[in-house]
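Here are a few exercises to work through with the model open in your viewer. Have a go at each task before you read the solution.

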Amino acid sequence: MICQEQCGSVRNFTKRPSTKKHLGKSIEERPEEINNRSRFGDWEIDSVLGGKTIGEPSILTLVERQTRYAVTKKLVEKKAEYVNQAVLECMKLYPIKSITADNGNEFSSLSKIEGLDVYFAHAYSSYERGTNENFNGLLREFIPKGCSLKRTKSESFRGLYKGYQ
């Protein structure tokens with residue numbers, strides 16, 4: 001755009017590049033059979049932090065949309081490589097057809113996993129993954145915010161989600 005009317009000089013204005021993340025398919029592209037929970041194997045994923053220090057372990061939560069079956073995995077750190085490793089382990093045990101994630105950096109390389117459809121919710125729209133957010137709220141009764149997970153063992157999460165439905 002050229003502005004000459006007000007100041008008399010000719011200046012070119014350029015539009016700044018977008019800072020929006022493009023991690024993969026948007027939740028808007030998600031098929032209706034996932035949205036209406038008509039099939040088993042469509043999961044929502046999130047991570048739960050204990051403390052906010054660097055190198056702090058985190059908990060990966062996966063909740064199946066139709067049955068509300070929940071799986072938790074303790075991660076060494078909240079990084080994409082550990083998330084992908086945990087998802088691959090879960091894919092060996094459970095039928096995972098699709099995953100809906102938020103736009104966190106820890107989920108940035110989920111789209112690289114073959115045989116898995118990954119959809120990303122809109123920024124600041126936690127209600128688009130409400131099943132998982134509800135489970136995380138229940139998990140917070142046992143693991144309050146700010147509580148370090150360094151001494152917590154993976155086995156201690158196993159009994160937490162029985163009966164969640």
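**Exercise 1.** This is a predicted model, so keep that in mind throughout. Is R68 buried, partly exposed or exposed?

*Solution.* Start with the cut-offs: buried means under 20% relative accessible area, and exposed means over 50%. R68 has a relative accessible area of 29%, so R68 is partly exposed. Next, place R68 in the fold: the residue is found in the loop between β3 (58–64) and β4 (70–75). Last, check the backbone. R68 isn't a glycine, yet its phi is positive, about 65 degrees.

**Exercise 2.** Do the same for R37: where does R37 lie, and why does R37 count as partly exposed?

*Solution.* First the location: R37 lies in a loop, with α1 (32–35) on one side and β2 (42–49) on the other. Then the accessibility: R37 counts as partly exposed because its relative accessibility is 26%. Now look at phi, which is near 60 degrees for R37, a positive value in a residue other than glycine.

**Exercise 3.** Lay out the fold. How many helices and strands does the protein have, and in what pattern?

*Solution.* Count the elements to get three helices and six strands. Then read along the sequence, and the pattern comes out as β-α-β-β-β-α-β-β-α. For the contacts, take those with a separation of 6 or more: residues 24 or more positions apart account for 59% of them.

**Exercise 4.** Describe the largest pocket: what is its volume, and which residues are closest to its centre?

*Solution.* Begin with the idea behind the search. Rolling a probe the size of a water molecule over the atoms shows where empty space is left. For the largest pocket, the volume is about 560 Å³. Its lining has 24 residues, and the closest to the centre are D46, K78, D102, G104 and E106. Now ask which elements contribute: β2 and α3 (130–139) are the ones that give two or more residues to this lining. The largest share, four residues, comes from β2. Finally, sort the lining by character, and you get ten charged, nine polar and five nonpolar residues.

**Exercise 5.** Zoom out to the whole protein. What percentage of its residues count as buried, and how much accessible surface does the protein have?

*Solution.* Take burial first: 39% of the 165 residues count as buried. Then the surface: the accessible area comes to about 10,300 Å². Split that by atom type, and carbon and sulfur atoms hold 50% of the accessible surface.

Note on methods. Residues are numbered from 1 along each chain as its sequence is written. This is a predicted model: local features need pLDDT of at least 70, side-chain atom pairs count only at pLDDT 80 or more; totals for chains, interfaces and linings use all residues. Side-chain values use heavy atoms; hydrogens and water are left out. Buried means under 20% relative accessible area, exposed over 50%, partly exposed in between (1.4 Å probe, protein chains only). On a 1 Å grid over the protein atoms alone, a cavity is a set of points where a 1.4 Å probe fits but cannot get out, and a pocket is an open set with protein on both sides within 12 Å along at least five of seven lines; lining residues have an atom within 4 Å of a point. Grid points are joined across faces, edges and corners, and a volume is the space filled by probe spheres set on the points. Ala, Val, Leu, Ile, Met, Phe, Trp, Tyr, Cys and Pro count as nonpolar, Asp, Glu, Lys and Arg as charged, and the others, Gly among them, as polar. Contact means heavy atoms within 4.5 Å. Accessible areas come from the Shrake-Rupley method with a 1.4 Å probe; for residues, only the protein chains shown count as cover.
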